[in-house]
Amino acid sequence: MHCAIDLDTKANISTASLDGALDRARDRGQVVELYAHNPQKTVKLSVIEHVLAGAQERGLPFVTYTDFAHSGGLGAGVALSFDDTSVRPWHDARPLFQQYGARVTFFISRFYAIADAERAMVRDLADDGHDIEAHTVNHVNSPQYVEEHGLAAYLKDEYQPSIDALEAEGYQVSAFAYPFGARTDELDAALRVRTPILRSVEFSYSGVVSPCPE
Ligand SMILES: [Zn+2]
């Protein structure tokens, strides 16, 4: 189970704790996982740049979720991901990614609603070396959907089609991010069969129970 730290402004992560996380990744030889949504809207570009520059300063390589799927011990690194459907802002951030040689992962939901012009932008991002992965069809709370409709319906309605839509466009899917990080052990076991890499989220604010297992 991969647990990413929320970089969005609302999560209120301080520069000091971000630097601490990058230092720990370097010192312990681990990959630090960070995620956000919409550059400029939910997360400041300056925060993204702080991560990218911080990785560069510490000699931390950028790791995508495909990299996790294809190699065992990755050593130290930074895995930055962006969720949902903010294709245009992601595309606008390309110069920033390029400046630092960053490779990031985009977990896309509602792919069916992405128009052709934006699909071409997803293609550009993939061509730049970024990783395109699945995040359900309609961004449902997965455990809740399973409770209401059953696991088979979840797999048929929300999980598998989100992979199929990306693969139809030529992207190889090996990872899946749970919307809201909401997961169960039952779901993990069922989804690992097709996507060996599963990403949940770690809440950085107090008083909220992390969906990530310790
Ligand atoms: Zn999401």
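**Exercise 1. Find the residue that follows helix 7 and give the sign of its phi.**

Solution. Helix 7 is followed by G150. The phi of G150 is positive, near 95°. Helices here are DSSP runs of H or I with at least four residues, strands are runs of E with at least two, and both are numbered from the N terminus.

The model is predicted: local features need pLDDT of at least 70, side-chain atom pairs count only at pLDDT 80 or more, and totals for chains, interfaces and linings use all residues. Residue numbers start from 1 along each chain as its sequence is written.

**Exercise 2. Sort residues of helix 7 into buried and exposed, and say what the buried ones pack against.**

Solution. Step one: fix the cut-offs. A residue is buried if 20 or more other C-beta atoms lie within 10 Å of its own, exposed if 12 or fewer, and partly exposed in between, with C-beta atoms placed from the backbone.

Step two: apply them to helix 7, residues 142-149. S142, Y145 and V146 are buried. They cover an arc of only 100° around the axis, so they sit on the same side of helix 7. The arc is that of the directions from the helix axis to the C-beta atoms. An α-helix has 3.6 residues a turn, so residues three or four places apart point the same way.

Step three: turn to the other side. There Q144, E147 and E148 are exposed.

Step four: find the partners. The buried residues of helix 7 pack against helix 8 (151-168) and helix 9 (185-191). A contact means that two C-beta atoms, placed from the backbone, lie within 7 Å.

**Exercise 3. Describe how helix 1 and helix 2 cross.**

Solution. Two packed helices are described by the angle between their axes and the distance between the axes. Take helix 1 (residues 15-28) and helix 2 (residues 45-57). Their axes come within 10 Å and cross at roughly 35°. Axes are lines fitted to C-alpha atoms, for helices over the stretch in contact; angles run from 0 to 180 degrees between N-to-C directions.

Next, the hand. The crossing is right-handed. That is, the near helix is turned clockwise from the far one by less than a right angle; anticlockwise would be left-handed.

Last, the residues. T15, L18, D19 and L22 in helix 1 meet H50, V51, G54 and A55 in helix 2.

**Exercise 4. Locate two non-glycine residues with positive phi, T136 and F180.**

Solution. T136 has a phi of about 70°. T136 lies in the loop between strand 5 (131-134) and helix 7. T136 is buried, because 25 other C-beta atoms lie within 10 Å.

F180 has a phi near 60°. F180 is in the loop between strand 6 (175-177) and helix 9. With 16 other C-beta atoms within 10 Å, F180 is partly exposed.

**Exercise 5. Place H91 and list its contacts.**

Solution. H91 lies in helix 4 (residues 87-92). H91 has 17 C-beta neighbours inside 10 Å, so it is partly exposed. Leaving out residues up to four places away in sequence, H91 touches M121, D124 and L125. H91 and V122 are 31 residues apart in sequence, yet 7.6 Å apart in space, C-alpha to C-alpha.

**Exercise 6. Characterise the whole protein.**

Solution. Count first: 9 helices and 7 strands. The radius of gyration is 16 Å, close to the 17 Å that the globule rule gives for 214 residues, so the protein is as compact as a globular protein of that length. The radius is taken over C-alpha atoms; the rule is 2.2 Å times the number of residues to the power 0.38. Of the 214 residues, 41% count as buried.
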